[in-house]
Amino acid sequence: MALSASLHLRQSQSLVMTPQLMQSIQLLQMTHLELNQFIAQEVEKNPLLEFQANDDQVAPEQGEMAGGDESGGSDDGGQADLYDSATSQSGERLDDQLDADFANVFQDDTTPQRADAPELLGQWKSMPGSGEGEDYDLDDFVAGRKSLRETLLEQLPFALPAPSDRLIAQHLIDQLDDAGYLQADLGEVGERLGAAHADVLRVLLTLQQFDPPGVFARSLGECLAIQLRARDRLDPAMEALLANLELLARRDFATLKKICGVDEEDLIDMLAEIRKLDPKPGTSFETSVSEAIVPDIVVRAAPDGSWMVELNPDALPRVLVNQDYFALVSRGTQKNSADQAFLNECLQNANRLTRSLDQRARTIMKVATEIVRQQDAFLVNGIGHLRPLNLKTVADAIKMHESTVSRVTSNKYMLTPRGLFELKYFFTVSIGSAEGGDSHSAESVRHKIRTLIHEESTEAVLSDDDIVDVLKKAGIDIARRTVAKYREAMNIPSSVQRRREKRALAKAAGF
């Protein structure tokens, strides 16, 4: 068979990831904070991009004042003028009687002519606009927030005068975690610093007396013991309780009473004492600032009974392409120069970014509108009427792919009359109906379980089987293991543990 070269014409289809498509996908799954950071970086490196100035908002006070000036011939304006005239006349007479005329107290010259303490005059900053020194800054009077390490280092010289002990203490301070617990082995610390184990232990016991109480503990039990010792409440019964915290976590109060050698009333008092303690004494010194959630979608009730779905203007990026600047700079460059090529590339990138941002807003709006349409009963009646919903249902309704809907619902929030929810909150699995009707969402079933357990009495504590029977009577077909799984996910103890707790609380209350 002879080999020969030939030319064939073939037509095929393929999906090509263009730069604009890749950027649109990246922008779609970004959060509000990530999007602002990305746009700020683009504006910094692209001279044709700029943030839009929000100058179209007028302050209400200015608008009202302008309206009042224009309606000077109205009755309200005449009454206001009469009131101002009467007030000024009475004020002048009152100033004459009380010698309270302050018109000439402060001279026009702001330079002080005389000072009772000239040596202190230079310590004050000049007033804004005086041209002398720096402007008055309120930030200079704000107290800085101390960290846990700084607080401990301030107490160190008063407790450990020896330099060797201070060296050990500083090393132990560096080994604390954010909660104030010591994450170091004393033997390794002694070997690293060349100190005896007894000296390291002695320094640690001294550091455990520092504020805040409970710091430098190596376990939860030791942290609680340090705080109880400071309150003079660490008796043998309390030590036995702290040594068996796993029984307390399981709410095995009967075994705890035997181990501690106390009756039920004393055990309740001991538990109340423990609840007053701080299991993480170092968290109060955290300097991280929590970021407020900015909703991407705002849902309001319309006058006709429907829902108004709007994009939150505070979450929309305000970026524009400066075409005037592009035209101005292009006049001074040659058509085939490197500067003109750079400008053309910047213009192309800027237009691509604005189109991607517009497409992102439209996609979020489509998905949010369909979610509101599907979950209308939830917005009207609450969580008990939350419908089961999946990504495919929304994707088919708006003619998009499920992956696109998934990217939209990640880290996007919707502000509704029912509260602030992540878009993924509205997507729950379906639980069949016992009567063959509409299915129920898993979130609404969890809410029903939580409500049933909250309303149960001490004499009638519901077991998982009892909850299944109640839900089946309400038309929800659910298995007992599913009820147990939901209950454990909500950190609700079993019926035996709840009955024991309710009886103990009832005894303590005297019922």
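## Exercises on a predicted model

The chain of this predicted model averages a pLDDT of 78, and 78% of its residues score at least 70. Over residues 98–121, by contrast, the pLDDT is below 50, and this stretch has three contacts in the model beyond near neighbours in sequence. The pLDDT also stays under 50 over residues 123–133, for which the model has 12 contacts beyond four places in sequence.

### Exercise 1: the sheet

Work out in what order the four strands of the open sheet are arranged, and why one side of β3 and of β6 is left without a neighbour.

Solution. Begin with the order, which is β3-β2-β5-β6 in an open sheet with mixed pairing. Next, look at the edges: β3 (307–311) and β6 (419–422) stand there, and because each has a single partner strand, one side of each lacks a neighbour in the sheet. Finally, consider the twist, for which neighbouring strands are turned against each other by 20 degrees on average, direction ignored.

### Exercise 2: two hairpins

Describe how β2 is joined to β3, and then how β5 pairs with β6.

Solution. For the first pair, note that β2 (residues 297–301) and β3 run antiparallel and are joined by five bridges. Two of the bridge partners can be located in the model: valine 298 is partnered by glutamate 310 in β3, and alanine 301 by tryptophan 307 in β3. The hairpin of β2 and β3 has five residues between the strands, and in this hairpin glycine 305 takes a positive phi near 95 degrees.

For the second pair, β5 and β6 are antiparallel over four bridges, with methionine 414 standing opposite phenylalanine 421 in β6. The hairpin that joins β5 to β6 does so through two residues.

### Exercise 3: helices α16 and α18

Identify the strands that α16 lies across, and explain why the buried residues of α18 line one face of the helix.

Solution. Helix α16 (residues 338–374) lies across β2, β3 and β5 (413–416), and its direction makes an angle of about 155 degrees with β3. Turning to α18 (residues 391–398), list its buried residues, which are Val394, Ala395 and Ile398. Seen down the axis of α18, these buried residues fall within an arc of 100 degrees, and therefore they line one face of the helix. Their cover includes α16 and α19 (402–409), so that α16 appears in both parts of this exercise. After α18 comes lysine 399, with a positive phi near 60 degrees.

### Exercise 4: a helix pair

Determine at what angle α8 and α9 pack, and which residues meet between these helices.

Solution. Start from the geometry: α8 (residues 186–193) and α9 (residues 197–207) pack at an angle of about 115 degrees, and their axes are 9 Å apart. The crossing in which α8 passes α9 is right-handed. Then turn to the side of α8, where Leu186, Gly187, Val189 and Gly190 meet His197, Val200, Leu201 and Leu204 of α9.

### Exercise 5: a loop residue

Decide whether alanine 243 counts as buried or exposed, and state where alanine 243 is found.

Solution. Alanine 243 is placed in the loop between α11 (236–242) and α12 (245–249). The cut-off for an exposed residue is over 50% relative accessible area, and because alanine 243 has 55% relative accessibility, this residue counts as exposed. As a last step, consider alanine 225, which is 18 residues away along the chain and whose C-alpha atom is separated from that of alanine 243 by 9.9 Å.

Methods
Residues are numbered from 1 along each chain as its sequence is written. This is a predicted model: local features need pLDDT of at least 70, side-chain atom pairs count only at pLDDT 80 or more; totals for chains, interfaces and linings use all residues. Side-chain values use heavy atoms; hydrogens and water are left out. Two strands pair if DSSP finds at least two bridges between them. Axes are lines fitted to C-alpha atoms, for helices over the stretch in contact, and angles run from 0 to 180 degrees between N-to-C directions. Contact means heavy atoms within 4.5 Å. pLDDT is the predictor's confidence in each residue, from 0 to 100. Buried means under 20% relative accessible area, exposed over 50%, partly exposed in between (1.4 Å probe, protein chains only). The arc is that of the directions from the helix axis to the C-beta atoms. A crossing is left-handed if the near helix is turned anticlockwise from the far one by less than a right angle, and right-handed if clockwise.
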